[in-house]
Amino acid sequence: MQSDRARHFLRQGLFAILLGVVCAVPVMAAPIQLPPIVEPASQEHHVGKLIFVELVTPDLAAAKRFYAGLFGWTFRDIQAGGTEYAEAFLGGRPIAGLIHKNLPASERRQPAWLSFFAVGDVDAAKRVALQNGAKVLFEPHNIPDRGREAVFADPQGAVFAVLASSSGDPPDVLAAPGDWIWASLITSDPDTDAAFYQSLFGYEVFELPASEGAQHLLLASHDYARASINSLPANRPNAHPYWLNYVRVEDTVNMTAKVVALGGRVLVEPWTDRHGGKVAVVADPSGAAFGLLEWRDSEGKEVPK
Amino acid sequence: MNIVLSRRFVLAFVVWTVMVLLSGCILPGGGYEYGGGDIGAAYYEPYGLDYGGWGPGYHVAPYRGGYHRPTSGGGHASARAYRPAPASHSVPSIPSQSRSGGSRSR
């Protein structure tokens, strides 16, 4: 009698577990839906332009609080396959993605913003990147409604991504305050890296005045400046090369104070750059670095020295 | 007999379900520490990135309104790995039109 009852409960329990698992399969296997980066979709394409950025962070809630407080970004939470993702919006436009991922202390790695540059064909970009000394860190893959993307490390080890957006690329307009306005590559070999990115994106490369022993290059496409390449600072010759993205601000000094008030850090104090505005490098509470670039609408043209 | 068959069926179903779940967790970028499943490209940079050492004279920003280079050139005159832009091309700036003003078609 007791054995029958036990068998009955066992069968019921097993059935309940199976039911749960079967129901979980479609949810866990479902591809995540991310909004397109351009809405409504356009036919514009700007190869080599920084069109999106993603942050991987061990504390998604803290990151959202920080960027909402600093730039007024709003967020839409997306969850699928056990991944927590927050799409960041400014003025109703998606401008960044934030992904939660645990970061055990033993991993000796740190959060960072990943730069996505526009390409027309991710697989072709992969071939060119490999031919020119890059490594593939994340193979080309499709993101429904977003497009196709891949992540590479350039010949010096700086990490970046390419995205063939299925909704077109954002238009070439002046970034609003709080939006991404610029990107720079700080590297051990600007010359080789410039050749690499020129092969990949077809950039025009301009050499700009730089201090003794350093190199400063500007990358352009479609008659617009897209990014700069700088030598690693003379006192940091062995630092790891990296891409740094800049958010447009109207007052860099005030914004660095706000960064600190919100739990972030100032990595490089504000200084005046060649365009006449101030630039600073800061980090969010998890340590992910980004730049602040002061760019006012009302400023006149700078007279080159 | 029926119970034995039913148990085998259940066991087979459980194994199949586990296999399906596992296959959904395999990342296309296997072998690297990068990868966020279906989405994005979740990654962390090597620990200890050093952002210091910048300062006066270390320029990173674009020129405002572009820049007409001196014809004499300057800087590194040695052979370059990249193809430099023709000297007749002035250094462009970033877009200056606001979003409300529409974008230039190129």
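Trainee: Let's start with the small print and chain B: what percentage of its 106 residues is buried?

Mentor: Keep in mind that this is a predicted model, where local features need pLDDT of at least 70 and side-chain atom pairs count only at pLDDT 80 or more, while totals for chains, interfaces and linings use all residues. Residues are numbered from 1 along each chain as its sequence is written, and chains are lettered from A and ligands numbered from 1 in the order in which they are written. A residue is buried if 20 or more other C-beta atoms lie within 10 Å of its own, exposed if 12 or fewer, and partly exposed in between, with C-beta atoms placed from the backbone. By that rule, the buried share of chain B is 25%.

Trainee: And what share of chain A counts as buried?

Mentor: Chain A has five helices and 17 strands, where helices (H or I, at least four residues) and strands (E, at least two) are DSSP runs numbered from the N terminus. Chain B has one helix and one strand. Of the 305 residues of chain A, the buried fraction is 47%.

Trainee: How much of the contact list in chain A, at a separation of 6 or more, comes from residues 24 or more positions apart?

Mentor: Two residues are in contact if their C-beta atoms, placed from the backbone, lie within 7 Å. Take the chain A contacts with a separation of 6 or more, and the part from residues 24 or more positions apart is 63%.

Trainee: Which residues of the largest nonpolar core touch the most other members?

Mentor: A nonpolar core is a set of buried Ala, Val, Leu, Ile, Met, Phe, Trp, Tyr and Cys residues joined through C-beta atoms within 7 Å. In soluble globular proteins, nonpolar side chains tend to be buried together. Here the largest core has 99 residues, and the ones touching the most other members are A:Phe116, A:Phe117, A:Ile181, A:Leu219, A:Tyr246, A:Leu292 and A:Leu293.

Trainee: Which residue is the bridge partner of A:Phe116 in S9(A)?

Mentor: A:Phe116 sits in strand S6 (residues 113-118), where six of six residues are buried. Strands pair if DSSP finds at least two bridges between them; S6(A) pairs with S1(A) in the antiparallel sense over five bridges and runs parallel to S9(A), residues 159-165, with three bridges. Leaving aside neighbours within four places in sequence, the contacts of A:Phe116 include A:Phe52, A:Glu149 and A:Ala161. The bridge partner in S9(A) is A:Ala161.

Trainee: Which residues of S6(A) point the other way from A:Trp113, A:Ser115 and A:Phe117?

Mentor: Both faces of S6(A) are buried, so to speak: A:Trp113, A:Ser115 and A:Phe117 are buried on one. Pointing the other way, and buried too, are A:Leu114, A:Phe116 and A:Ala118.

Trainee: Why do the buried residues of H5(A) fall on the same side, and what arc do they cover?

Mentor: In H5(A), residues 252-261, the buried ones are A:Thr252, A:Met255, A:Thr256 and A:Val259. They lie on the same side because the arc, taken from the directions from the helix axis to the C-beta atoms, is narrow enough to put them there. A:Ala257, A:Val260 and A:Ala261 are exposed on the other side. The arc is only 105°.

Trainee: How many residues of H4(A) are buried?

Mentor: H4(A), residues 190-201, reaches 16 Å from its first C-alpha to its last, close to the 16 Å expected (1.5 Å times one less than its number of residues). Its buried residues pack against S6, H3, S10, S11, S12 and S13 of chain A. The helix is largely enclosed by the rest of the structure, since the buried count, out of twelve, is ten.

Trainee: Which loop holds A:Asp145?

Mentor: A:Asp145 has a positive phi of about 70° although it is not a glycine. With 16 C-beta neighbours inside 10 Å, A:Asp145 is partly exposed. Its place is the loop between S7(A) and S8(A).

Trainee: Last one: what is the omega of the cis peptide bond from A:Glu39 to A:Pro40?

Mentor: A:Pro40 lies in the loop between H1 (2-29) and S1 (50-57) of chain A. For the cis bond leading into A:Pro40, omega is near -5°.
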